[in-house]
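Thanks for coming, everyone. I would like to walk slowly through one structure this morning, so please keep the sequence and the picture in view while I talk.

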Amino acid sequence: MSAQSNINPLLTPYKLGNFNLSHRVVLAPLTRERSYDNVPQPHAILYYSQRTTKGGLLISEATGVSDTAQGYPHTPGIWTKEQIEAWKPIVDAVHAKGGIFFCQIWHVGRVSNSGFQPNWQAPISCTDNGIDYADFTPPRRLRTDEIPQIVNDYRIAARNAMEAGFDGVEIHGAHGYLIDQFMKDQVNDRTDQYGGSLENRCRFALEVVEAIVNEIGADKVGIRLSPFANYMESGDSNPEALGLHMVESLNKYKILYCHMVEPRMKTVSEISKCTDSLLPLRHAFNGTFIAAGGYDKEDGNKAVAENHADLIAFGRHFLANPDLPRSFELNAPLNKYRRDTFYTSDPMIGYTDYPFLETTP
């Protein structure tokens, strides 16, 4: 790799807390909708092990913390014993190839409908205002006294992830899901201690962080944030202030990393021209800084070389190129991803059937 380091900063080693990474190319969390009945399936063993390299960091697809956390078909959970046991061989396969594996834990909040909820109840959120799409059921506003139970769901999910063998957890605080709903002033219309001021809107997120840190240790905790994004009608009037408040608050808990979505990613698939920058947030955060959102090899290398980020998470490119670090090393042309197969439930097509590089020994 030494000859490559001048050409590809992405391929240089990095010390992530107690973990020795051999490169800085991270598998981003990608919802795959192939965990039937919310239980991880054996085909995920192949999917994740294909994308594992010795000393590579992988972040799992978003994994529900409870039976109220679901909003999409066939997404995995980690709140039952069956789910924990189903994750174990998947984690073991990643570890067998020398990879480091974090479980991204989430709650979708209002991004759901009653069909995904226990007893066909309304989804829960910080608000009772719904999303203006036909697919979603208007949510029920959580009472103040109910919020500690939701925090506890995250804590138990983190403990369950460690029982399943994961090396740590990434809290999903991005993309318009429950934690993001609390943080963003476009959504949060509460008048209690979880609404109004920036400090109040971030309270729920930080209570989740604190509970998980106390449960499994700060050295095993990351969080994903997207202050600049407006996914699922969850925007904020001052995203840089929100991002700065969060990273400065996170410093107090000494968590392992912050995984931040680029401002150019306003929606899931659209890369926009943008003058906002993650740099102030990168400088303010004391731990490892992971950047994600529309990166290719060239601007990933540039971001690392210019110290804009420590690690770069790749989603669609890593999906379509299971040996992406090797492709970068050899400057090989990349497979094109197939968007129409992202969320099919097929156990192979668009999942484990992307070809590896054909290289001679």
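Let me begin with a term: a residue is called buried when its relative accessible area is under 20%, exposed when that area is over 50%, and partly exposed in between. Please also keep in mind that what you see is a predicted model.

With that cut-off in hand, look at D180, which has its place in helix 5, residues 178-183. Is D180 buried or exposed? Its relative accessibility is 2%, and because buried means under 20%, D180 counts as buried. If we leave aside residues up to four places away in sequence, D180 touches G173, A174, H175, S226 and S234.

Next, please find helix 7, which covers residues 203-216 and so has 14 residues. From its first C-alpha to its last, helix 7 reaches 20 Å, which is close to the 20 Å expected at 1.5 Å a residue. Buried residues in this helix are F204, A205, L206, V208, V209, A211, I212, V213 and I216. Just after helix 7 comes G217, and the phi of G217 is positive, near 100 degrees.

Which residues of helix 4 meet helix 7? Helix 4 runs over residues 147-163, and it packs with helix 7 at an angle of about 35 degrees, the two axes lying 9 Å apart. The crossing of helix 4 past helix 7 is right-handed. On the helix 4 side, the residues that take part are I147, I150, V151, Y154, R155, A158, R159 and M162, and on the helix 7 side they meet F204, E207, V208, A211, I212, E215 and I216. If we sort the residues of this contact by type, eleven are nonpolar, none is polar and four are charged. Notice that F204, V208, A211, I212 and I216, which we have just met in this contact, are also among the buried residues of helix 7.

Let me turn to charged side chains. How many salt bridges does the model contain? The count comes to 18 salt bridges, and I will show you three of them in detail.

One of them joins the side chains of E85 and K81, with 3.6 Å from N to O. Both residues lie in helix 3, residues 81-96, and they are four residues apart, about one turn of the helix. E85 has a relative accessible area of 36%, and because that value falls between 20% and 50%, E85 is partly exposed. This pair also belongs to a wider arrangement, in which K81, E85, K88 and E163 are linked in a network of salt bridges.

Another joins R326 and E329, again with 3.6 Å from N to O. These two lie in helix 12, residues 324-330, three residues apart, which is about one turn of the helix. R326 is partly exposed at a relative accessible area of 35%, and E329 likewise counts as partly exposed, at 24%.

In the remaining example, the side chains of D192 and R190 meet at 2.8 Å, N to O. Here D192 is buried, and R190 is buried too.

Finally, let us visit some loops. Where does W120 lie? You will find W120 in the loop between strand 6 (100-106) and strand 7 (124-125). Its phi is near 55 degrees, a positive value in a residue other than glycine. The relative accessible area of W120 is 64%, and because exposed means over 50%, W120 is exposed.

The loop between strand 10 (221-225) and helix 8 (239-253) holds E233, which also has a positive phi, about 55 degrees, although it is not a glycine. E233 is partly exposed, with a relative accessible area of 25%. N230 lies in the loop between strand 10 and helix 8 as well, and it is partly exposed at 37%. Although N230 and G176 are 54 residues apart along the chain, their C-alpha atoms are separated by 7.1 Å.

As a last stop, Q41 is found in the loop between strand 3 (25-27) and helix 2 (43-50). What does Q41 touch, once residues up to four places away in sequence are not counted? The residues it touches are R34, S35, Y36 and I90. Q41 and Q83 are 42 residues apart in sequence, while in space they are 9.4 Å apart, C-alpha to C-alpha.

Notes: Residues numbered from 1 in each chain as written. Predicted model: local features only at pLDDT ≥ 70, side-chain atom pairs only at ≥ 80, totals over all residues. Heavy atoms only, no water. Buried < 20%, exposed > 50% of the residue type's maximum accessible area, 1.4 Å probe, protein only. Expected span 1.5 Å × (residues − 1). Axes fitted to C-alpha atoms, helices over the stretch in contact; angles between N-to-C directions. Left-handed = near helix turned anticlockwise from the far one by under 90°. Contact = heavy atoms within 4.5 Å. Nonpolar A, V, L, I, M, F, W, Y, C, P; charged D, E, K, R; others polar. Salt bridge = Lys/Arg side-chain N within 4 Å of Asp/Glu carboxyl O.
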